[in-house]
Amino acid sequence: MTALIATDLDRTMIYSRAAMELAVTESDVASAAGDENLLCVEVYDGKPLSYVTSAAEAMLRRLTASAVVVPTTTRTVAQFERIDLPGAPWRYAITTNGANILVDGVPDAGWRSGVDIAIADGGASLVEVGAELSRRIDDSWVRSSRVADELFSYLVVDLDAMPAGFVEEWNDWCGERGWGASRQGRKIYTMPDAVCKSRAVAEVRSRLVDDGVLAPEAPLLAAGDGALDANMLSAADAAIRPRHGELETIDWQHPTLSVTGSSGIAAGEEILRWFADRVGRGAGTTAAGALL
């Protein structure tokens, strides 16, 4: 295989109806227009929830034939299993922001055990963090509060009613205790530092090289739109983010980062074209794996 591709899913590869409307130009809107151009890849409670365009479906299937694609998501295992992503089945997938590595669809117990130990050694407990969070929020702006896989929590909030500076102040408190906070759309995540996509991607890469599936010099390419993707994007030989999302809001940049020209679901197609172009150059890499 010519490359390892680690890609976030929501608002990077797959899009809800609301996320499609992140498109900011007429050409972006036109690209996503019409249900005949859309493929539903997730149904929840009997209702279609997430989509890719028909062009993205075809590109993703072709990409999996020439590169190792690893879906890399903050979704829990159960939430990931709802998605019928083109190109499956996946030898490896990463869920729960890196806390779980799925091998042929089955969580790797050894990897998860190591993450749990790292969290316990790294700072405050989920109970302590949850108790402090409860003291800082109320029903006037928090629509729901959830704990994911006994690892981290997230809030669904009314952005207009949320107190100014809440995320920044909460992140400051968390940062002194081995945790961090970030916002993705209407969700605010509170995540232990030990739960990290880039560490899980590095582990998968090591296994693929050891198994002879991936050459040691093969480049790592990555895509994502949120703050929880930043470490994965920074660790890649080359990375891309869409022109929407949390990283766009803060104008996050990196020397090896590209940014799409389009936003919304059209950016998903652009990211896949970007991947395909670099996989097509697969032989043109340096010994360190950097793309020429």
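Two strands count as paired if DSSP finds at least two bridges between them. Keep that in mind for the first part. The model I am showing is predicted.

I start with strand β9. S144 stands opposite V156 in β9. The strands β8 and β9 run antiparallel, and six bridges join them. Together β8 and β9 make a hairpin, with three residues between the two strands. In that turn, D149 has a positive phi of about 55 degrees.

β9 has another partner, β11. Four bridges pair β9 with β11, again in the antiparallel sense. Here S153 has T190 in β11 as its bridge partner.

Now, which residues of β9 lie on each side, and are they buried or exposed? In general, the side chains of a regular strand alternate between the two faces of the sheet. In β9, one side holds F152, Y154 and V156, and the other holds S153, L155 and V157. These residues are all buried, so both faces of β9 are covered. Put as a count, six of the six residues in β9 are buried.

That brings me to the rings. A pair of aromatic rings is described by the distance between the centres and the angle between the planes. The count for this model is five aromatic pairs.

One of them is W141 with F166, an edge-to-face pair. The centres are 4.8 Å apart, with 65 degrees between the planes. What does this pair tie together? W141 is in the loop between α6 and β8, while F166 is in helix α7, so the pair ties together parts that are 25 residues apart in sequence. W141 counts as buried because its relative accessibility is 2%, and the cut-off for buried is under 20%. F166 is buried as well, at 7%.

Next come F152 and Y189. Their ring centres are 6.1 Å apart and their planes are at 55 degrees, so this pair is tilted. F152 belongs to β9 and Y189 to β11, and the two residues are 37 apart in the chain. Both F152 and Y189 are buried. Y154 joins in too: ring pairs link F152, Y154 and Y189 into a cluster.

Last, two charges over rings. The charged end of R82 sits over the ring of Y44, at 4.1 Å from the ring centre. R91 lies over the face of Y92, and there the distance to the ring centre is 5.4 Å.

To go back to the start: β9 pairs with β8 through six bridges and with β11 through four.

Notes:
Residues numbered from 1 in each chain as written. Predicted model: local features only at pLDDT ≥ 70, side-chain atom pairs only at ≥ 80, totals over all residues. Heavy atoms only, no water. Phe/Tyr/Trp six-rings, centres within 6.5 Å; stacked < 30°, edge-to-face > 60°. Buried < 20%, exposed > 50% of the residue type's maximum accessible area, 1.4 Å probe, protein only. Lys NZ or Arg CZ within 6 Å of the ring centre and 35° of its normal.
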